[in-house]
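Subject: Handing over the structure

Hi,

Here is the structure I promised to pass on to you. Have a look at it first, and then read on below for my notes.

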Amino acid sequence: MTILDGKKVSNDIKNEIKAEVDKMKANGEKVPHLAAVIVGNDGASLTYVGSKVRACERVGFESTMVRLSNTTSEVELLDKIEELNNDDNIDGFIIQLPLPPQINTQKVLMAVNPDKDVDGFHPMNFGKMALDMSTFIPATPFGILELLDRYEVETKGKHTVVIGRSHIVGRPMSILMGRKGFPGNSTVTLTHSHTKNITQITSQADVIISALGVPKFLKAEMVKDDAVIIDVGITRVPDDSEKGYYITGDVDFENVSKKASFITPVPGGVGPMTIAMLLKNTLLAREQHRKNYR
(Lines give C-alpha, C1' and ligand atoms only; values in the text may rest on other atoms or scores of the structure.)
Protein backbone atom coordinates (compact mmCIF):
# COMPACT_ATOMS: atom_id res chain seq x y z
CA MET A 1 0.00 0.00 0.00
CA THR A 2 1.32 3.42 -1.00
CA ILE A 3 0.29 6.62 0.78
CA LEU A 4 -0.53 9.40 -1.69
CA ASP A 5 1.31 12.09 0.23
CA GLY A 6 -0.37 15.40 -0.59
CA LYS A 7 1.84 17.27 1.84
CA LYS A 8 5.00 16.22 0.03
CA VAL A 9 3.62 16.70 -3.50
CA SER A 10 2.14 20.11 -2.65
CA ASN A 11 5.57 21.20 -1.34
CA ASP A 12 7.17 19.99 -4.58
CA ILE A 13 4.64 22.01 -6.61
CA LYS A 14 5.20 25.13 -4.48
CA ASN A 15 8.96 24.80 -5.00
CA GLU A 16 8.40 24.50 -8.77
CA ILE A 17 6.15 27.58 -8.75
CA LYS A 18 8.68 29.52 -6.67
CA ALA A 19 11.39 28.70 -9.23
CA GLU A 20 9.13 30.10 -12.00
CA VAL A 21 8.43 33.26 -9.96
CA ASP A 22 12.15 33.73 -9.25
CA LYS A 23 12.74 33.65 -13.03
CA MET A 24 10.02 36.28 -13.54
CA LYS A 25 11.64 38.51 -10.91
CA ALA A 26 15.08 38.06 -12.49
CA ASN A 27 13.61 39.14 -15.84
CA GLY A 28 11.96 42.18 -14.28
CA GLU A 29 8.47 40.78 -14.98
CA LYS A 30 5.39 41.31 -12.85
CA VAL A 31 4.83 38.42 -10.42
CA PRO A 32 1.41 36.73 -10.07
CA HIS A 33 -1.10 38.44 -7.76
CA LEU A 34 -3.91 36.49 -6.05
CA ALA A 35 -6.76 38.16 -4.16
CA ALA A 36 -9.21 36.49 -1.79
CA VAL A 37 -12.56 37.99 -0.79
CA ILE A 38 -14.01 36.90 2.52
CA VAL A 39 -17.42 38.03 3.79
CA GLY A 40 -18.07 37.64 7.52
CA ASN A 41 -16.14 35.94 10.31
CA ASP A 42 -16.48 32.21 9.67
CA GLY A 43 -13.57 30.65 11.60
CA ALA A 44 -12.80 27.87 9.12
CA SER A 45 -12.91 30.33 6.19
CA LEU A 46 -10.56 32.78 7.93
CA THR A 47 -8.09 29.96 8.66
CA TYR A 48 -8.27 28.76 5.08
CA VAL A 49 -7.78 32.21 3.56
CA GLY A 50 -4.90 32.85 5.98
CA SER A 51 -3.15 29.69 4.76
CA LYS A 52 -3.63 30.86 1.13
CA VAL A 53 -1.98 34.20 1.97
CA ARG A 54 0.97 32.39 3.61
CA ALA A 55 1.29 30.08 0.59
CA CYS A 56 1.45 33.15 -1.69
CA GLU A 57 4.27 34.58 0.42
CA ARG A 58 6.17 31.33 0.25
CA VAL A 59 6.18 31.15 -3.56
CA GLY A 60 6.76 34.88 -4.06
CA PHE A 61 3.26 35.88 -5.23
CA GLU A 62 1.65 39.14 -4.26
CA SER A 63 -1.60 38.63 -2.34
CA THR A 64 -4.51 40.75 -1.20
CA MET A 65 -7.13 39.79 1.34
CA VAL A 66 -10.41 41.70 1.00
CA ARG A 67 -12.41 41.41 4.22
CA LEU A 68 -16.05 42.48 4.21
CA SER A 69 -18.48 42.47 7.14
CA ASN A 70 -21.21 39.89 7.69
CA THR A 71 -23.81 42.54 6.85
CA THR A 72 -22.36 43.28 3.38
CA SER A 73 -25.14 43.43 0.80
CA GLU A 74 -25.14 41.53 -2.49
CA VAL A 75 -24.81 44.82 -4.40
CA GLU A 76 -21.75 45.85 -2.34
CA LEU A 77 -20.08 42.49 -2.97
CA LEU A 78 -20.85 42.66 -6.70
CA ASP A 79 -19.33 46.17 -6.81
CA LYS A 80 -16.16 44.82 -5.16
CA ILE A 81 -15.99 41.96 -7.69
CA GLU A 82 -16.33 44.45 -10.56
CA GLU A 83 -13.44 46.42 -9.07
CA LEU A 84 -11.25 43.29 -8.95
CA ASN A 85 -12.31 42.31 -12.50
CA ASN A 86 -11.05 45.68 -13.74
CA ASP A 87 -7.84 45.77 -11.71
CA ASP A 88 -5.02 44.82 -14.11
CA ASN A 89 -2.68 44.29 -11.18
CA ILE A 90 -4.71 41.27 -9.98
CA ASP A 91 -4.32 38.06 -12.01
CA GLY A 92 -6.82 35.89 -10.18
CA PHE A 93 -9.19 36.05 -7.25
CA ILE A 94 -11.45 33.80 -5.25
CA ILE A 95 -14.64 34.36 -3.31
CA GLN A 96 -14.41 32.36 -0.11
CA LEU A 97 -17.56 30.26 0.44
CA PRO A 98 -19.94 30.00 2.23
CA LEU A 99 -21.45 33.49 1.84
CA PRO A 100 -24.01 35.00 4.27
CA PRO A 101 -27.70 34.20 3.50
CA GLN A 102 -28.50 37.68 2.09
CA ILE A 103 -26.16 37.00 -0.86
CA ASN A 104 -26.97 34.79 -3.86
CA THR A 105 -23.85 32.63 -4.28
CA GLN A 106 -24.60 31.70 -7.89
CA LYS A 107 -25.04 35.33 -8.90
CA VAL A 108 -21.73 36.24 -7.24
CA LEU A 109 -19.75 33.41 -8.91
CA MET A 110 -21.26 34.38 -12.28
CA ALA A 111 -19.97 37.95 -11.81
CA VAL A 112 -16.30 36.88 -11.62
CA ASN A 113 -14.36 37.46 -14.85
CA PRO A 114 -13.71 33.90 -16.20
CA ASP A 115 -10.10 34.94 -17.01
CA LYS A 116 -9.52 35.62 -13.29
CA ASP A 117 -11.64 32.73 -11.95
CA VAL A 118 -8.76 30.70 -10.50
CA ASP A 119 -11.25 28.59 -8.49
CA GLY A 120 -12.67 27.31 -11.81
CA PHE A 121 -16.29 27.78 -10.66
CA HIS A 122 -17.57 30.07 -13.43
CA PRO A 123 -19.96 28.23 -15.84
CA MET A 124 -17.73 29.23 -18.77
CA ASN A 125 -14.70 27.53 -17.20
CA PHE A 126 -16.76 24.55 -16.04
CA GLY A 127 -18.13 24.17 -19.58
CA LYS A 128 -14.66 24.36 -21.12
CA MET A 129 -13.47 21.69 -18.67
CA ALA A 130 -16.40 19.45 -19.66
CA LEU A 131 -15.47 19.91 -23.34
CA ASP A 132 -11.80 19.08 -22.70
CA MET A 133 -10.71 22.62 -23.56
CA SER A 134 -7.85 24.43 -21.86
CA THR A 135 -9.19 26.24 -18.77
CA PHE A 136 -8.95 26.60 -14.99
CA ILE A 137 -9.79 23.28 -13.34
CA PRO A 138 -11.31 23.62 -9.83
CA ALA A 139 -8.42 23.39 -7.37
CA THR A 140 -9.43 20.23 -5.46
CA PRO A 141 -10.10 18.09 -8.57
CA PHE A 142 -6.93 19.54 -10.15
CA GLY A 143 -5.02 18.43 -7.03
CA ILE A 144 -6.43 14.90 -7.24
CA LEU A 145 -5.38 14.64 -10.90
CA GLU A 146 -1.89 15.84 -9.98
CA LEU A 147 -1.57 13.22 -7.21
CA LEU A 148 -2.65 10.43 -9.57
CA ASP A 149 -0.23 11.74 -12.20
CA ARG A 150 2.82 12.07 -9.95
CA TYR A 151 2.33 8.65 -8.37
CA GLU A 152 1.66 7.16 -11.84
CA VAL A 153 -1.61 5.59 -10.73
CA GLU A 154 -3.10 3.76 -13.74
CA THR A 155 -6.60 5.00 -14.61
CA LYS A 156 -7.06 3.88 -18.24
CA GLY A 157 -9.86 1.32 -18.58
CA LYS A 158 -10.41 1.31 -14.80
CA HIS A 159 -13.79 1.64 -13.09
CA THR A 160 -13.87 4.88 -11.08
CA VAL A 161 -16.65 5.44 -8.55
CA VAL A 162 -17.20 9.00 -7.35
CA ILE A 163 -19.21 9.41 -4.12
CA GLY A 164 -20.90 12.82 -3.93
CA ARG A 165 -22.03 15.14 -6.73
CA SER A 166 -21.08 18.63 -5.51
CA HIS A 167 -20.13 21.22 -8.13
CA ILE A 168 -16.82 21.73 -6.33
CA VAL A 169 -15.54 18.12 -6.33
CA GLY A 170 -17.87 15.24 -7.22
CA ARG A 171 -19.28 16.40 -10.52
CA PRO A 172 -16.01 17.79 -11.96
CA MET A 173 -14.16 14.62 -10.90
CA SER A 174 -16.71 12.45 -12.71
CA ILE A 175 -16.08 14.45 -15.90
CA LEU A 176 -12.29 14.57 -15.55
CA MET A 177 -11.84 10.85 -14.85
CA GLY A 178 -13.76 10.01 -18.01
CA ARG A 179 -11.84 12.40 -20.30
CA LYS A 180 -9.31 11.30 -22.88
CA GLY A 181 -5.75 11.33 -21.60
CA PHE A 182 -4.01 10.69 -18.30
CA PRO A 183 -5.28 10.72 -15.63
CA GLY A 184 -8.60 9.77 -17.24
CA ASN A 185 -9.91 7.23 -19.74
CA SER A 186 -11.73 5.43 -16.96
CA THR A 187 -15.36 4.29 -16.84
CA VAL A 188 -17.09 6.49 -14.28
CA THR A 189 -20.04 5.88 -11.96
CA LEU A 190 -21.29 8.95 -10.06
CA THR A 191 -23.09 8.04 -6.84
CA HIS A 192 -25.05 10.24 -4.43
CA SER A 193 -27.66 10.24 -1.66
CA HIS A 194 -30.27 8.52 -3.86
CA THR A 195 -27.98 5.73 -5.09
CA LYS A 196 -29.20 2.28 -4.16
CA ASN A 197 -26.89 -0.64 -3.31
CA ILE A 198 -23.86 1.64 -2.98
CA THR A 199 -21.75 -1.17 -1.44
CA GLN A 200 -22.38 -3.29 -4.53
CA ILE A 201 -21.10 -0.42 -6.71
CA THR A 202 -18.05 0.57 -4.62
CA SER A 203 -16.94 -3.04 -4.21
CA GLN A 204 -16.53 -3.25 -8.01
CA ALA A 205 -14.48 -0.04 -8.21
CA ASP A 206 -10.79 0.13 -9.11
CA VAL A 207 -10.68 3.78 -8.00
CA ILE A 208 -12.95 5.39 -5.37
CA ILE A 209 -13.08 9.16 -4.92
CA SER A 210 -15.18 10.03 -1.87
CA ALA A 211 -16.34 13.64 -1.39
CA LEU A 212 -19.30 13.16 0.90
CA GLY A 213 -18.37 14.77 4.22
CA VAL A 214 -19.62 11.82 6.28
CA PRO A 215 -16.96 10.60 8.74
CA LYS A 216 -15.69 7.05 8.06
CA PHE A 217 -18.51 6.36 5.58
CA LEU A 218 -16.41 4.08 3.38
CA LYS A 219 -15.76 0.81 5.24
CA ALA A 220 -13.39 -2.03 4.39
CA GLU A 221 -16.25 -4.32 3.29
CA MET A 222 -17.23 -1.72 0.65
CA VAL A 223 -13.81 -1.88 -1.05
CA LYS A 224 -12.13 -4.56 -3.13
CA ASP A 225 -8.50 -5.57 -2.71
CA ASP A 226 -5.95 -3.24 -4.36
CA ALA A 227 -8.44 -0.40 -4.94
CA VAL A 228 -7.15 3.18 -5.18
CA ILE A 229 -8.81 5.36 -2.50
CA ILE A 230 -8.99 9.16 -2.70
CA ASP A 231 -10.55 10.67 0.43
CA VAL A 232 -11.70 14.26 -0.08
CA GLY A 233 -13.81 14.43 3.09
CA ILE A 234 -12.61 16.41 6.08
CA THR A 235 -14.77 16.58 9.20
CA ARG A 236 -14.13 17.76 12.75
CA VAL A 237 -15.48 15.11 15.10
CA PRO A 238 -15.93 16.22 18.76
CA ASP A 239 -13.93 14.27 21.35
CA ASP A 240 -12.50 14.65 24.87
CA SER A 241 -9.05 15.80 23.79
CA GLU A 242 -7.53 19.18 24.60
CA LYS A 243 -8.54 20.52 21.16
CA GLY A 244 -12.06 19.16 21.62
CA TYR A 245 -12.12 17.42 18.23
CA TYR A 246 -10.18 15.22 15.86
CA ILE A 247 -10.10 15.45 12.07
CA THR A 248 -11.20 12.52 9.94
CA GLY A 249 -12.17 11.84 6.36
CA ASP A 250 -14.92 9.88 4.59
CA VAL A 251 -12.83 6.70 4.74
CA ASP A 252 -12.29 4.29 7.65
CA PHE A 253 -8.56 4.67 7.03
CA GLU A 254 -7.33 2.12 9.57
CA ASN A 255 -9.23 -0.76 7.98
CA VAL A 256 -9.52 0.34 4.34
CA SER A 257 -5.77 1.03 4.08
CA LYS A 258 -5.12 -2.69 4.67
CA LYS A 259 -6.86 -3.47 1.36
CA ALA A 260 -5.91 -0.46 -0.78
CA SER A 261 -3.04 -0.21 -3.28
CA PHE A 262 -2.94 3.61 -2.96
CA ILE A 263 -4.73 5.80 -0.39
CA THR A 264 -4.78 9.45 0.67
CA PRO A 265 -4.56 10.21 4.39
CA VAL A 266 -6.70 12.82 6.18
CA PRO A 267 -5.22 15.26 7.00
CA GLY A 268 -2.23 15.49 4.64
CA GLY A 269 -3.72 14.04 1.45
CA VAL A 270 -6.02 16.01 -0.83
CA GLY A 271 -6.21 19.10 1.47
CA PRO A 272 -2.69 20.51 0.91
CA MET A 273 -3.05 19.90 -2.84
CA THR A 274 -6.00 22.30 -3.09
CA ILE A 275 -3.96 25.38 -2.14
CA ALA A 276 -1.01 24.27 -4.30
CA MET A 277 -3.27 24.00 -7.37
CA LEU A 278 -4.90 27.34 -6.64
CA LEU A 279 -1.39 28.82 -6.84
CA LYS A 280 -0.79 26.91 -10.07
CA ASN A 281 -4.02 28.32 -11.55
CA THR A 282 -2.90 31.83 -10.55
CA LEU A 283 0.44 31.28 -12.28
CA LEU A 284 -1.44 30.11 -15.40
CA ALA A 285 -3.64 33.25 -15.21
CA ARG A 286 -0.55 35.48 -15.00
CA GLU A 287 1.00 33.78 -18.05
CA GLN A 288 -2.28 34.14 -19.96
CA HIS A 289 -2.56 37.84 -19.11
CA ARG A 290 1.06 38.42 -20.17
CA LYS A 291 0.32 36.86 -23.59
CA ASN A 292 -2.85 38.94 -23.97
CA TYR A 293 -1.11 42.26 -23.22
CA ARG A 294 1.97 41.85 -25.41
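What follows is a short tour of the sheets, the core, the open and enclosed spaces, and a few backbone details.

Please keep in mind throughout that this is a predicted model.

**The two sheets**

Let me begin with the six-stranded sheet. It is open, its strands follow the order S1-S11-S8-S7-S5-S6, and the pairing is parallel. Strand S1 (2-3) and S6 are the edge strands, each of them pairing on one side only. At the S1 end, two bridges link S1 and S11 in the parallel sense. If you would like a place to find that pairing on screen, look for Thr2, whose bridge partner in S11 is Phe262.

At the other edge, strand S6 spans residues 187-191 and includes Thr191. Is Thr191 buried or exposed? Thr191 counts as buried because its relative accessibility is 1%, and the cut-off for buried is under 20%. Setting aside residues up to four places away in sequence, Thr191 touches Val161, Val162, Ile163, Gly164, Arg165, Ile198 and Ile201.

The other sheet I want to point out is also open, with three strands in the order S3-S2-S4 and parallel pairing. Its edge strands are strand S3 (62-68) and strand S4 (92-95), each pairing on one side only. From one strand to the next, the twist averages 15°. Strand S2 (residues 33-39) runs parallel to S4, and four bridges join the two. Within S2 and S4, you can find Val37 standing opposite Ile95. Helix H2 (residues 43-59) lies across S2, S3 and S4, and runs at about 160° to S3.

**The nonpolar core**

The largest nonpolar core has 49 residues, and the members that touch the most others are Ile17, Phe61, Ile144, Met173, Ile209, Ile230 and Val232. Helix H10 (residues 270-292) gives the most to this core, with nine residues. Ile144 is a good residue to click on here: leaving out neighbours within four places in sequence, Ile144 is in contact with Val169, Met173, Ile209, Ile230, Val232 and Val270.

**Pocket and cavity**

Now for the spaces. The largest pocket has a volume of about 1600 Å³. Of the 47 residues lining that pocket, Ala44, Tyr48, Ile234, Gly271 and Thr274 are the closest to its centre. Which element supplies the largest share of the lining? That is H2, with seven residues, the helix that also lies across S2, S3 and S4. Several elements each supply at least two residues of the lining, among them helix H1 (6-26), helix H6 (139-150), strand S9 (235-238), strand S10 (245-248) and H10.

How many cavities of 30 Å³ or more does the structure hold? There is one. The largest cavity has a volume of about 50 Å³, and it is lined by Phe93, Ile94, Ile95, Leu109, Val112, Asp117, Asp119 and Phe121. S4 provides the largest share of this lining, three residues. Ile95 therefore turns up twice in these notes, as a lining residue of the largest cavity and as the residue opposite Val37.**Backbone details**

Two cis peptide bonds are worth a look. One joins Leu97 and Pro98, with omega about 5°, and Pro98 sits in the loop between S4 and helix H4 (105-111). Another runs from Val266 to Pro267, with omega near -5°. Pro267 is found in the loop between strand S11 (262-263) and H10.

There are also two residues with a positive phi that are not glycines. Glu152 has a phi of about 50° and lies in the loop between H6 and strand S5 (159-163). Glu152 counts as exposed because its relative accessible area is 66%, and the cut-off for exposed is over 50%. For Asn197, phi is near 50°, and this residue lies in the loop between S6 and helix H8 (198-202). Asn197 is exposed too, with a relative accessible area of 54%.

Happy exploring, and do write back with any questions.

Best wishes

Definitions and conventions:
Residues numbered from 1 in each chain as written. Predicted model: local features only at pLDDT ≥ 70, side-chain atom pairs only at ≥ 80, totals over all residues. Heavy atoms only, no water. Buried < 20%, exposed > 50% of the residue type's maximum accessible area, 1.4 Å probe, protein only. Contact = heavy atoms within 4.5 Å. Pairing = 2+ DSSP bridges. Axes fitted to C-alpha atoms, helices over the stretch in contact; angles between N-to-C directions. Core = buried A, V, L, I, M, F, W, Y, C linked by side-chain atoms within 4.5 Å. 1 Å grid on protein atoms, 1.4 Å probe; cavity = no way out; pocket = protein on both sides within 12 Å on 5 of 7 lines; lining within 4 Å. Points joined across faces, edges and corners; volume = space filled by probe spheres on them.
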